[in-house]
Each structure stands twice: as C-alpha cells, then as structure tokens.
Amino acid sequence: MLNTSVNQYLRDHIRTVQDWPAPGVQFRDITPLLQDAKVFRVLIDAFVHRYMDPDLRPDVVAGLDARGFILGAVIAYELGVGFVPIRKKGKLPFTTVEETYELEYGSATVELHTDAVKPGHQVLLIDDLIATGGTMMAGKKLLEKLGATVMEGAAIVDLPELGGSAKLRQDGLALFTLVNFAGH
C-alpha cells in the first residue's frame, strides 16, 4: 500500500460481480474488504480516524441492516460509543418505530427500538453502500423521530449515477464515502 491512497487501496479490494442480481448490474461486493485482516483494519481505521475528531465524534453509531452492522459495531467499539441496529421489519423484539421507503420494485420497511437513542444524540449513520439512498434516508427519518440528529451518513461505496448521494445531500445530510464507482 506504500504509494497507494487509502481510497485506491480499498477500491482495489472491492470485487465487481457482473450481472448480479440481475442482467446488466455490476454488483460492488465489499466482502473481500472484510476477509483480509490488513484490508479490514485499513477500512475501519479510515472511518475511526475521521470520527475521532472531537467535532465529528458521535454519541452513538447506527448501522443499517445488514452490512452496516459489521462496520458500525466495530467503529462504535473503536470510538468508545454505543451501537444501535436499524433492522428490517419484524426483526427487533422490543417496541419500535418504523419507516417505509420505496425500492425499484415495491417498498421495504426498517425499524428501530424506541429506546435506541435519546433526544439530542448526535448519530453517525453507516451502511456499506449508497445507491438510490432510500435505506439511508429511512434510517435518518427513524433516528429523527426519536429526537436524535444524524450528523453524517457514511458508507464505503457511493454509486453516484444512481442519484442517492445527491438526493441525501439535497435533504441536508452530510455524507462521507471512501470509494466512488461510476456506473452501476
């Protein structure tokens, strides 16, 4: 990694799977980032070093189902803050709030425990990838229903041509991503 930027190093370890889950789709697979201990450390450190800054340090990290759990839990641990999961509907056992969002074909619903955050909490919302932005926007709305502020949305990959990151920014959400892929 000596003469390579962190962003390029991570990009080099993301696998592109052609025609999955449908013909014409280039799926950006982040699992190789997790499988190699050195690469995983570089990935986590890229986020942790950013959010150790006192001006960007969250009170809690919220991770979106399911790959956001992997990143969010480790980042929260490294920052010494709590972690809360935002799950697909029907997966949380306690009282929840829910938010439904549109998918390309149909809709989906995510939930959050009503005691997951407190009013005034500054929350880092994290997922693996931003495509259309629907999941991250739903997570943001859930956290805001409970009185928290989403200080920033973070992801490994942004697919800017799908419009999600632009839509999220237009709605006032600051974003931090490590790798952009043109096309989808």
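In the predicted model, Arg67 and Asp128 form a salt bridge through their side chains, with an N to O distance of 2.5 Å. This pair links distant parts of the chain, since Arg67 belongs to helix H4 (residues 67-79) and Asp128 to strand S7 (residues 122-130), 61 residues apart. The two partners differ in burial: Arg67 has a relative accessible area of 38% and is therefore partly exposed, whereas Asp128, at 6%, is buried, the cut-off for burial being under 20%.

The Arg67 and Asp128 contact belongs to a wider set of charged pairs, as the structure holds ten salt bridges. Side chains of opposite charge can pair when their charged atoms come close. Another of these bridges joins Arg50 to Glu152, where the closest N and O atoms lie 2.9 Å apart. Arg50 is in helix H3 (residues 37-51) and Glu152 in strand S8 (residues 149-158), so this bridge ties together parts separated by 102 residues in sequence. Arg50 has a relative accessible area of 26% and is partly exposed. Glu152, by contrast, has a relative accessibility of 5%, which means that Glu152 counts as buried.

A further salt bridge is found between the side chains of Lys89 and Glu98, at 2.6 Å from N to O. Both ends of this bridge are partly exposed: the relative accessibility is 47% for Lys89 and 35% for Glu98. Lys89 and Glu98 are also linked with Glu111 in a network of salt bridges.

Glu111 is located in strand S6 (residues 106-113). With a relative accessibility of 6%, Glu111 counts as buried. The side chain of Glu111 also makes a polar contact of 3.3 Å with that of Thr96. When residues up to four places away in sequence are not counted, the residues touched by Glu111 include Pro85, Ile86, Arg87, Lys88, Gly90, Lys91, Leu92, Val97 and Leu142. Its network partners Lys89 and Glu98 are among these contacts as well, as is Thr96.

Leu142, one of the residues touched by Glu111, is also one of the buried residues of helix H5. The others that are buried in H5 are Gly134, Met136, Met137, Ala138, Gly139, Lys140 and Leu143. Helix H5 comprises twelve residues (residues 134-145), which at 1.5 Å a residue should span 16 Å. The C-alpha atoms at the ends of H5 are 16 Å apart, so the expected span and the model agree. Just after H5, Gly147 adopts a positive phi of about 90°.

The nonpolar interior was examined next. The largest nonpolar core contains 30 residues, of which Leu10, Phe47, Ile75 and Ile156 touch the most other members. Two or more residues of this core are given by each of helix H1 (6-11), H3, H4, S7, S8 and strand S9 (175-180). H3 supplies the largest share, eight residues. For Ile75, the contacts are Ile44, Phe47, Val48, Leu124 and Ile126, with residues up to four places away in sequence not counted. A second core, separate from this one, has 27 residues, among them Val110, Val117, Met136 and Leu175. Met136 is thus a member of the second core and one of the buried residues of H5.

Definitions and conventions: Residues are numbered from 1 along each chain as its sequence is written. This is a predicted model: local features need pLDDT of at least 70, side-chain atom pairs count only at pLDDT 80 or more; totals for chains, interfaces and linings use all residues. Side-chain values use heavy atoms; hydrogens and water are left out. Helices (H or I, at least four residues) and strands (E, at least two) are DSSP runs, numbered from the N terminus. The expected span of a helix is 1.5 Å times one less than its number of residues. Buried means under 20% relative accessible area, exposed over 50%, partly exposed in between (1.4 Å probe, protein chains only). A salt bridge is a side-chain nitrogen of Lys or Arg within 4 Å of a carboxyl oxygen of Asp or Glu. A polar contact is a pair of N or O atoms within 3.5 Å; within protein, one must be able to donate a hydrogen and the other to accept it, and residues adjacent in sequence count only if both atoms are side-chain atoms. Contact means heavy atoms within 4.5 Å. A nonpolar core is a set of buried Ala, Val, Leu, Ile, Met, Phe, Trp, Tyr and Cys residues joined through side-chain atoms within 4.5 Å.
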